[in-house]
Amino acid sequence: MTLDEAVRQLDTLDENAILCARPPWTPLSECVIALPDEDLGVPRHVKDAGLAYFLEVHVAHEVLRVFGDKPATHEERVRLLIYYAENDAYPGWVYQG
């Protein structure tokens with residue numbers, strides 16, 4: 001699955017799951033959804049496949065709340081999550097309009 005497809009399924013995913021994607025992150029990056037290992041990290045087989053921690057599902061939901069009642073396109077949601085995962089911050093554009 002791609003990161004784009006994973007974000008489309010976000011509302012149906014286990015809140016404890018981790019989105020792991022192949023860097024550099026784009027909407028078309030390969031993505032898997034995994035439950036954390038016993039140390040609450042990315043499972044070894046996911047790391048060995050070349051995928052890296054992107055965001056936990058519950059964190060992705062929190063990040064997307066920044067849109068509030070403002071309608072956001074799917075593309076804006078993916079763009080925001082990628083920015084947040086890379087920068088641990090919100091982009092300025094999310095507050096405009």
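Me: Is Asp-14 buried, partly exposed or exposed in this predicted model?
Reply: Good place to start! In this predicted model, Asp-14 has a relative accessible area of 39%. Buried means under 20% and exposed means over 50%, so a residue in between belongs to the middle class. Asp-14 is therefore partly exposed.

Me: Where along the chain is Asp-14 found?
Reply: Look for two elements, helix H1 (residues 3-8) and strand S1 (residues 18-21). Asp-14 is found in the loop between helix H1 and strand S1.

Me: Which residues gather with Asp-14 in a patch of negative charge on the surface?
Reply: Asp and Glu count as negative, so those are the residue types to look for. The patch on the surface holds Asp-14 together with Asp-11, Glu-15 and Glu-62.

Me: What pattern does the chain follow when read along the sequence?
Reply: The secondary structure comes to 4 helices and 3 strands. Writing α for a helix and β for a strand, the chain reads α-β-β-α-β-α-α.

Me: What radius of gyration does the chain have, and what would a compact globule have?
Reply: The chain has 97 residues, and a compact globule with that many would have a radius of gyration near 13 Å. The value for the chain agrees with this. Its radius of gyration is 13 Å.

Me: How far apart are the closest N and O atoms of Arg-8 and Asp-4?
Reply: Side chains of opposite charge can pair when their charged atoms come close. Arg-8 and Asp-4 both lie in helix H1, 4 residues apart, which is about one turn of the helix. They form a salt bridge, and their closest N and O atoms are apart by 3.3 Å.

Me: Which residue of that pair counts as buried, Arg-8 or Asp-4?
Reply: Remember that buried means under 20%. Arg-8 has 54% relative accessibility, so Arg-8 counts as exposed. The other partner has 17% relative accessibility, so the buried residue is Asp-4.

Me: Which residue forms a salt bridge with Arg-22?
Reply: Arg-22 is partly exposed, at 31% relative accessibility. Its partner is also partly exposed, at 36%. The closest N and O atoms are 2.6 Å apart, and the partner is Glu-30.

Me: Which helix holds both Arg-44 and Asp-48?
Reply: The side chains of Arg-44 and Asp-48 meet in a salt bridge, 3.7 Å from N to O, and both residues are exposed. Being 4 residues apart, they are separated by about one helical turn. The helix is H2.

Notes. Residues numbered from 1 in each chain as written. Predicted model: local features only at pLDDT ≥ 70, side-chain atom pairs only at ≥ 80, totals over all residues. Heavy atoms only, no water. Patch = residues over 30% accessible without salt bridge, like charges linked within 9 Å, V, L, I, M, F, W, Y side chains within 5 Å. Areas by Shrake-Rupley, 256 points an atom, 1.4 Å probe, with all protein chains shown as cover. Salt bridge = Lys/Arg side-chain N within 4 Å of Asp/Glu carboxyl O. Charge placed at Lys NZ, Arg CZ, Asp CG, Glu CD. Buried < 20%, exposed > 50% of the residue type's maximum accessible area, 1.4 Å probe, protein only. Rg over C-alpha atoms; globule rule 2.2 N^0.38 Å.
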